[in-house]
Amino acid sequence: MSISQLNVDVFRAINDIGKEHASLNPIAIFMADYMIFVLALGMLVYWFTQTNKNRMMVIQGGVAFVLAEVLGKIAGTMYYHNQPFAELPHVNQLIAHAVDNAFPSDHSILFFSVCFSFFLVRKKEGWLWLVFACIVGVSRIWVGVHYPGDVLTGALIGIVAALVAYWIVPKLGFVKTVLTKYEKVEQSLLPVKAKADDKSKNF
């Protein structure tokens, strides 16, 4: 299926920045390939702060990601195109990537589903996570592996999944039960002083 000219033009505008300002390419590569480790570290930090609010937020982010991935796979069966570097000449490809269906962007699905979940629960620093998600999306265009349409679609899917998870997960009784049992096991292995909001058990 053909790519719209606007999609190509916006891709060129972003991807060509790396040709004109090569000194910025290492930053784009880091954001495109390695920010996933920063996201994982953030989830671990939230989880091990041992507050019910943070742990429920991490669970919601995980559920949102799984839901978004399913929706992304469905979207991928409806529309198909390869990565820009495989379809266009003179692409500034900065990272290795297999040639497959680039629609929608899996990185955008991951970052927006989790980061928007953070934003819904912790708006104060949630804006920073959303900024990171946007930068990662732009970086995937910069390094030549996605069109803007791939990123925008992945972002939309991630946001929708985060909203659904935010609404549904706290209402699921078994989630609270499993989390309570986990915390009892954790307390027996790593006894720590309970925090006030943990005692309240308000999800």
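Is Trp-129 buried or exposed in this structure? Trp-129 counts as buried, because its relative accessibility is 11% and the cut-off for buried is under 20%. Welcome to a short tour of the aromatic rings in this predicted model. The count of aromatic pairs comes to ten, and one of them is the stacked pair of Tyr-34 and Phe-37.

**A stacked pair**
- The ring centres of Tyr-34 and Phe-37 lie 6.3 Å apart, with 25° between the planes.
- This pair counts as stacked because planes under 30 degrees apart fall in that class.
- Phe-37 is exposed, with a relative accessibility of 55%.
- Its partner Tyr-34 is partly exposed, at 43% relative accessibility.

**An edge-to-face pair**
- Trp-129 and Phe-132 have ring centres 6.0 Å apart and planes at 80°, so they form an edge-to-face pair.
- Both residues belong to helix 8, which covers residues 123–142.
- Along that helix, Trp-129 and Phe-132 are three residues apart, about one turn.
- Phe-132 has a relative accessible area of 24% and is partly exposed, whereas Trp-129 is buried at 11%.

**A ring cluster**
- Trp-129 and Phe-132 also belong to a cluster, where ring pairs link them with Tyr-46 and Phe-118.

**A charge over a ring**
- Which residue lies over the face of Phe-119? That residue is Lys-123, placed at 5.4 Å from the ring centre.

Technical notes. Residues are numbered from 1 along each chain as its sequence is written. This is a predicted model: local features need pLDDT of at least 70, side-chain atom pairs count only at pLDDT 80 or more; totals for chains, interfaces and linings use all residues. Side-chain values use heavy atoms; hydrogens and water are left out. Rings of Phe, Tyr and Trp (its six-membered ring) pair if their centres lie within 6.5 Å; planes under 30 degrees apart count as stacked, over 60 as edge-to-face and the rest as tilted. Buried means under 20% relative accessible area, exposed over 50%, partly exposed in between (1.4 Å probe, protein chains only). Helices (H or I, at least four residues) and strands (E, at least two) are DSSP runs, numbered from the N terminus. A charge sits over a ring if NZ of Lys or CZ of Arg is within 6 Å of the ring centre and within 35 degrees of the ring normal.
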